[in-house]
Amino acid sequence: MSRLIFASHGKLSVGMLDSVKMIVGDLANDVESISLNPGQSPNDFYLKLKAEAEKSDEKIIILCDVLGGSVHTTLSQLRQFDHIMILSGMNMGLALDLVMKYKNDLSLDQVQKLVDHSKEGICVIQGESSEENDEDF
């Protein structure tokens with residue numbers, strides 16, 4: 001069994017989990033969220049997860065909001081445990097993919113493919129639509 005945790009500054013992780021549940025329903029019931037609020041230290045989350053990781057070899061996947069932010073930087077110290085993966089760049093596509101697959105004991109390679117897939121969903125659209133593109137819809 002694996003655990004999936006969304007971790008963010010503020011309530012982004014809670015909102016992401018709420019949005020994911022709108023799409024996948026009960027499939028996301030076991031997903032956890034950690035929200036760093038003003039006055040809190042990400043080190044508190046790190047110490048709690050570290051203590052849990054020392055007692056169990058259960059795989060934990062942590063999806064953080066932003067690379068280099070205090071949440072990601074602090075929780076990245078958990079990389080000392082082989083059964084913990086820390087990702088950054090939380091977005092709906094990646095969150096959905098992880099929720100639908102995390103219980104399958106994902107390998108590092110499989111998680112990297114999910115990250116790569118989520119990048120494909122990031123794009124910029126500007127200007128008028130063309131008739132050619134409109135026909136696709």
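Is E52 buried, partly exposed or exposed? E52 is partly exposed, with a relative accessibility of 25%. The points below start with confidence and then return to this residue.

1. **Confidence.** This is a predicted model. The average pLDDT for the protein is 93. A score of at least 70 is reached by 94% of the residues. Helix α1, residues 12–24, has the highest confidence, at 98. Helix α6, residues 131–134, has the lowest, with a mean of 58. Keep that contrast in mind when you look at α6.

2. **Salt bridges in general.** Side chains of opposite charge can pair when their charged atoms come close. The count for this model is 7 salt bridges. Three of them are taken up in the next points.

3. **K48 and E52.** These two side chains form a salt bridge, with N and O 2.7 Å apart. Both residues sit in helix α2, which covers residues 42–55. They are 4 residues apart, so about one helical turn separates them. E52 falls in the partly exposed class because its relative accessibility is 25%, and that class lies between 20% and 50%.

4. **A network.** K48 and E52 also belong to a wider set. Salt bridges link them with R3 and E32 in a network. Find these four residues together in the structure.

5. **D105 and K59.** Here the closest N and O atoms are 3.6 Å apart. D105 is in the loop between α4 (92–101) and α5, while K59 is in strand β3, residues 59–64. The pair therefore ties together parts that are 46 residues apart in sequence. K59 has a relative accessible area of 16%, so K59 counts as buried, the limit being under 20%.

6. **K113 and D109.** This salt bridge has its closest N and O atoms 3.5 Å apart. Both residues lie in helix α5. They are 4 residues apart, about one turn of the helix. K113 is exposed, at 54% relative accessibility. D109 is partly exposed, at 47%.

7. **The largest pocket.** Which elements each supply at least two residues of its lining? They are β4 (84–87) and α5 (108–120). The space in this pocket is about 170 Å³. Its lining consists of R79, I84, M85, I86, L87, L108, V111, Q112 and V115.

8. **Character of the lining.** What kinds of residue line the largest pocket? The lining has 7 nonpolar residues, 1 polar and 1 charged. The charged one is R79 and the polar one is Q112.

Key. Residues are numbered from 1 along each chain as its sequence is written. This is a predicted model: local features need pLDDT of at least 70, side-chain atom pairs count only at pLDDT 80 or more; totals for chains, interfaces and linings use all residues. Side-chain values use heavy atoms; hydrogens and water are left out. On a 1 Å grid over the protein atoms alone, a cavity is a set of points where a 1.4 Å probe fits but cannot get out, and a pocket is an open set with protein on both sides within 12 Å along at least five of seven lines; lining residues have an atom within 4 Å of a point. Grid points are joined across faces, edges and corners, and a volume is the space filled by probe spheres set on the points. pLDDT is the predictor's confidence in each residue, from 0 to 100. Buried means under 20% relative accessible area, exposed over 50%, partly exposed in between (1.4 Å probe, protein chains only).
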